[in-house]
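Q: Please give me a close look at one part of this model, namely the places where a single chain meets itself and its partners. I would like a connected account that keeps to what can be computed from the coordinates.

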Protein chains: 2
Amino acid sequence: MDVKTETAVDSLAEDERQPTRIQAINRGIILDAALDVFSVHGFKGSTVDQIAERAGMSKPNLLYYYRRKRDIYAAVLELTLDAWLAPLESLDPDGDPIEELRRYISKKLELSAERPEASRLFANEILAGAPAIGGFLSTRLKRLVQAKAAVIGQWVSEGRLAPVDPHHLIFMIWATTQHYADFDVQVRAILGEQVGKPGFREQTAQAVLSIILNGIRPRP
Amino acid sequence: MDVKTETAVDSLAEDERQPTRIQAINRGIILDAALDVFSVHGFKGSTVDQIAERAGMSKPNLLYYYRRKRDIYAAVLELTLDAWLAPLESLDPDGDPIEELRRYISKKLELSAERPEASRLFANEILAGAPAIGGFLSTRLKRLVQAKAAVIGQWVSEGRLAPVDPHHLIFMIWATTQHYADFDVQVRAILGEQVGKPGFREQTAQAVLSIILNGIRPRP
DNA sequence: GTCTATAGATTGATAGAC
DNA sequence: GTCTATCAATCTATAGAC
């Protein structure tokens, strides 16, 4: 990479506090690599060497961008927190309950298939006792879940859903959808090559949606 | 501990290849401690020091019983593998489908509440790519799941269950029940102190059973 | 069987040349 | 910004006294 040429093209009057183009690129490469490593082995089980190798740079160079291992970890986590809340946030109190939950479950399954590393990153963090995101869990996440549980509770009390415990319904949706990311190795060991083949995602969605939605559909 | 007295009482003509009483006791203490540590941080994230401290013995003494870290890990895993298969194995093809699945889900929820560390141990191992139990997953576990999926498929074709994909139903049951062990920290952050209180387990079981069983009950 | 001491390897992080 | 070299801490595992 020719650094001088790269920056000279894009940056006029570069502010010292603004990240340069090469900084932004390298930070992005590092965070991608860090996600791959942390999502498999967790924070304690991962090494800076592993991340540096996967990012294709030397360890000291990586530590030039993020001074300490926990800084990389914090950056990776923060990048994924918002994406984690988005699907549940979009659950619309004014929509049709079954259709809203169908959309939510579908969205979570898509996320699980497209960004399984993000799911595994959180799984590892929570298994380890959530030392880094304990605050997030008990504030932002808790508030969001309480709000959406109230919405589901409202739907139930209006008779638009079968009488279900909203919190446990949310947990079941999380568990089931994230299972396909977190336990991917196990799913593959049992189902074999069909995992990842064209129709598998649709088949999974159909099966999961059928059971859960039938389970909460209001009954006459 | 007075070793001589202990063994003299219980062992007559002790065979050199048989573990002595103190050996059995210490191995048990070590495995309990190792389960606690490995289930939180996984294999790579755990240290022999941590296990030794929790077991209340020195590191060299611990390594007298299990020569290497991976030997301890293998022993802990093997101890829990059978208990892991047992509930699914007991799914009876000749029983009533809904009642059999109710029993299975209840059993898994009990296990999740009573031995959450075992669940977290597997979760960590599978997240890490199942380096130690990959063989178990693709042989014993796969065979068992295929057999029980066939049973569920039979129930479906007889019209005794709604048309569900047996494998995905099993995955959903695993995911949902194990969620309460694996993501305990998150569940506690959201639900607060009610987790662990007297009625919580029953409330959870009621909610989970209601959704899943209603979701697969045959419809006229 | 249990301990202290320590070897040998890995790891997080820094120094300093370019 | 990137590299080689290296320090200091941690970690697995062993040696050897008791």
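A: In this model, which is predicted, the count between domain 1 of chain A and domain 2 of chain A comes to 1 residue pair in polar contact, with both residues at pLDDT 80 or more. The rule finds 0 salt bridges across that interface. When the residues that domain 1 of chain A presents to domain 2 of chain A are sorted by class, they comprise 6 nonpolar, 3 polar and 1 charged.

The two parts in question are assigned as residues 1–67 for domain 1 and residues 74–220 for domain 2 of chain A, and their centres, taken over C-alpha atoms, are separated by 31 Å. Domain 1 of chain A brings 10 residues to the contact, and domain 2 of chain A brings 9 residues. Putting these two domains together buries about 720 Å², with carbon and sulfur atoms giving 74% of that area. On the domain 1 side, A:Leu31, A:Leu35 and A:Ser39 supply 66% of the area buried against domain 2 of chain A, which is more than any other three residues supply.

The view can now be widened to the partner chain. Chain A and chain B each enter their contact with 54 residues, and the area buried between the two chains is about 4,800 Å², of which 68% comes from carbon and sulfur atoms. Within chain A, the residues that lose the most area to chain B are A:Leu127, A:Ile190 and A:Ile211, which together account for 16% of what that side buries. Across this interface the rule again finds 0 salt bridges, whereas it finds 8 residue pairs in polar contact, both residues being at pLDDT 80 or more.

As for secondary structure, the elements of chain A that give two or more residues to the side touching chain B are helices H2 (21–45), H7 (116–127), H8 (134–157), H9 (166–182), H10 (184–191) and H11 (200–216). Of these, H9(A) gives the most, with 12 residues. By class, the side of chain A that touches chain B holds 29 nonpolar, 19 polar and 6 charged residues.

Chain A also takes part, together with chain B, in the surroundings of a nucleic acid strand. DNA strand C is surrounded by 18 residues, the closest of which are A:Lys69, B:Thr20, B:Gln23, B:Ser58 and B:Tyr65. Of the atoms of DNA strand C within 4 Å of the protein, 66% belong to sugar or phosphate, while the rest belong to bases.

Several individual approaches can be named on the chain B side. B:Gln23 places a polar side-chain atom 3.3 Å from a phosphate oxygen of DNA strand C, and an N or O atom in the side chain of B:Asn26 is 3.2 Å from a phosphate oxygen of that strand. For B:Asn61, a polar side-chain atom lies 3.1 Å from a sugar or linking oxygen of DNA strand C.

The elements that give two or more residues to the surface near DNA strand C are helix H4 (59–65) of chain A, along with helices H2 (21–45) and H4 (59–65) of chain B. The largest share, 4 residues, comes from H4(B). Sorted by class, the residues of this surface divide into 7 nonpolar, 7 polar and 4 charged.

Key. Residues numbered from 1 in each chain as written. Chains lettered and ligands numbered in written order. Predicted model: local features only at pLDDT ≥ 70, side-chain atom pairs only at ≥ 80, totals over all residues. Heavy atoms only, no water. Contact = heavy atoms within 4.5 Å. Buried area = accessible area lost by both parts, 1.4 Å probe. Salt bridge = Lys/Arg side-chain N within 4 Å of Asp/Glu carboxyl O. Polar contact = N/O pair within 3.5 Å; in protein donor to acceptor, adjacent residues only side chain to side chain. Nonpolar A, V, L, I, M, F, W, Y, C, P; charged D, E, K, R; others polar. Near = heavy atom within 4 Å. Domains from an automatic or database assignment.
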